[in-house]
There are 2 protein chains.
Amino acid sequence: MFSKACEYGIKAMIYIAQAGEGGRLVSLKEIAAEIQSPVAFTAKILQLLSREGILLSTKGAFGGFQLAAAADKINLAEIVKAIDGDRVFNGCGLGLKECNALKPCPVHFKFAAFREQLADMLQTTNLHELAAGLKKGVSFLYR
Amino acid sequence: MFSKACEYGIKAMIYIAQAGEGGRLVSLKEIAAEIQSPVAFTAKILQLLSREGILLSTKGAFGGFQLAAAADKINLAEIVKAIDGDRVFNGCGLGLKECNALKPCPVHFKFAAFREQLADMLQTTNLHELAAGLKKGVSFLYR
DNA sequence: TTTATTAAGGATAAATTTGTCCGATTTATC
DNA sequence: GATAAATCGGACAAATTTATCCTTAATAAA
Ligand code: FES
Ligand code: FES
């Protein structure tokens, strides 16, 4: 579904939303430990999210990462798009170069409906609600 | 979403359903040409589908492949499961080792609903209806 | 029996994704 | 200014997926 990089990216963003409340900077080391991801690989992903402008980084001692906007203003679609591109949102289910309703693949109409629903879910799910579940202890970033 | 192998596998099965009506054997060469896939790689996938029992192969001159059951009795879920395994049907959206509603990841309840819909779509879509669209010329296997 | 055609399968190669290492840079504190 | 803590970024390595090559085996037709 999502690439490993994207999975890590989403988890990292959720964790930062939860741990970085009040503007506290969250370090790469802490993030990787909490989401159980390889440190250096996670660094690459956070760098990318910073370049994309949905994450802010601060170098130096006591530096770290913080969300570039309020947690309830950042949705999953932004993160997925930044890391995996938009194939998730408009790619053909059978891998044709582009999805096109005028020359559709055999599964197009069944697939497009469902892809639409996924896009909708990603767009309407924000980091605030996801972080809330974490804080309440009803959801988890690893197991 | 699906692996390249799975995309080729689905397209191949749809093509065989359409071109193999009346029990005619369809050759690897023809299949690869019609779905525009690399011949040898496609061979591996068809071998796998044969081992899985949803495709029948016949060696020798005028040999080829045919569906192991009537086209309307083979659904997409079987093909996907044979090639990509069942992670599509029960894998965690954030890559946790297993999806578990008792210790869910933050996106579990949003994701599981949608995964359910995908599984449903795959289970209720059979090769007969997909091949019909092809034959009518309203859908295409490449572009 | 020979030949042509076709799938099976093992070995290998290329491409992509995932992951590691390390030096450079930035910043707070001593 | 020196030191320690932290991100940045380039090069590299490992793992996985995708793709190719080639030999063997099976089968039909000449
Ligand atoms: S053309 Fe394949 S999903 Fe639209
Ligand atoms: S635990 Fe992640 S989707 Fe169910």
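**Note on cavities and the largest pocket**

1. About 40 Å³ of space lies in the second largest cavity. The model is predicted.

2. Residues of both chains line this second largest cavity. Chain A supplies L94(A), V107(A) and F111(A). Chain B supplies F2(B), I10(B), L76(B), M121(B) and L122(B). The lining has eight nonpolar residues, with no polar and no charged ones.

3. How many cavities of 30 Å³ or more does the structure hold? There are two. The largest has a volume of about 50 Å³.

4. The lining of the largest cavity also draws on chains A and B. From chain A come F2(A), I10(A), L76(A), M121(A) and L122(A). From chain B come G93(B), L94(B), V107(B) and F111(B). Eight of the lining residues are nonpolar and one is polar. None is charged. The polar one is G93(B), because Gly counts as polar here.

5. Now the open site. The largest pocket holds about 260 Å³ of space. It is lined by 16 residues. Those closest to the pocket centre are A17(A), G20(A), E21(A), L67(A) and A71(A).

6. Which elements give two or more residues to the lining of the largest pocket? They are α1 (4-19), β2 (64-67) and α7 (127-136), in chain A. Of these, α7(A) gives the most, with four residues.

7. The lining of the largest pocket is mixed in character: eight residues are nonpolar, six polar and two charged. For the cavities, the count of charged lining residues is none in the largest and none in the second largest.

Methods
Residues numbered from 1 in each chain as written. Chains lettered and ligands numbered in written order. Predicted model: local features only at pLDDT ≥ 70, side-chain atom pairs only at ≥ 80, totals over all residues. Heavy atoms only, no water. 1 Å grid on protein atoms, 1.4 Å probe; cavity = no way out; pocket = protein on both sides within 12 Å on 5 of 7 lines; lining within 4 Å. Points joined across faces, edges and corners; volume = space filled by probe spheres on them.
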